[in-house]
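The following note concerns the charged side chains of the structure and how they pair. The points are numbered for ease of reply.

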Amino acid sequence: MRILGIDPGTATTGYGIIEAEGSLVKAGEYGSISTSPAYPLPLRLANLYEQVLSLIRREKPSCLAVEEIFFSRNTRTAMAVGQARGVVILAATHAGLEVAEYTPLEVKQAVTGYGRAPKYQVQRMVQAILNLPQLPQPDDAADALAVALCHVAHQTLRNLGLNAL
């Protein structure tokens, strides 16, 4: 199974590819997609759509796992992230991919065993699980790899006849 994990955002969208065969997982390409704040939001969203679609065509994942929005105090930021998330889901759907969605709590629980783990702990566990020589950078890419790892964990449980972590 080849999973594309996405941590959506309008300024920076993290992505990470995970290859999973049974209990073996390894990282493929990971990084981030940036859009310029100098452009209006519709153009930034169109740019994000094109870049995600290009990534899907190049990497040929079997599915896409995306992080759900965490509503914080800043509603405006949450709305922009929601729009970016919608664009990512649209690109995946247009490419014929199955889309799985996970909350930040589910991602942290799957990767660290603790749903309220700090960002650094998530990064360290992603590094350890994927046997990476250093912490995955940027942070958004580490988060995207964590989302993909969460999907692997959930798929493993589904294959065992269990529903959730």
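1. The model under discussion is predicted. A search of the whole structure identifies 6 salt bridges. Glu59 takes part in two of the pairs described below, with Arg2 and with Arg58.

2. In the pair formed by Glu59 and Arg2, the closest N and O atoms are 2.4 Å apart. Glu59 belongs to helix α1 (residues 41–59) and Arg2 to strand β1 (residues 2–7), so this salt bridge ties together parts that are 57 residues apart in sequence. Glu59 has a relative accessible area of 11% and is therefore buried, the cut-off being under 20%.

3. Glu59 also forms a salt bridge with Arg58, where the closest N and O atoms are 3.6 Å apart. Arg58 is partly exposed, at a relative accessible area of 47%.

4. A further salt bridge joins Glu101 to Arg85, with 2.1 Å between the closest N and O atoms. This pair links distant parts of the chain: Glu101 is in strand β5 (residues 98–102) and Arg85 in helix α2 (residues 75–94), 16 residues apart. Are the two partners buried or exposed, or in between? Glu101 counts as partly exposed, with 39% relative accessibility, whereas Arg85 is buried, with a relative accessible area of 12%.

5. Which residues are joined into one network by salt bridges that share partners? They are Arg2, Glu19, Glu29, Arg58 and Glu59. As background, side chains of opposite charge can pair when their charged atoms come close.

Methods: Residues numbered from 1 in each chain as written. Predicted model: local features only at pLDDT ≥ 70, side-chain atom pairs only at ≥ 80, totals over all residues. Heavy atoms only, no water. Salt bridge = Lys/Arg side-chain N within 4 Å of Asp/Glu carboxyl O. Helix = DSSP H or I, 4+ residues; strand = E, 2+ residues; numbered from the N terminus. Buried < 20%, exposed > 50% of the residue type's maximum accessible area, 1.4 Å probe, protein only.
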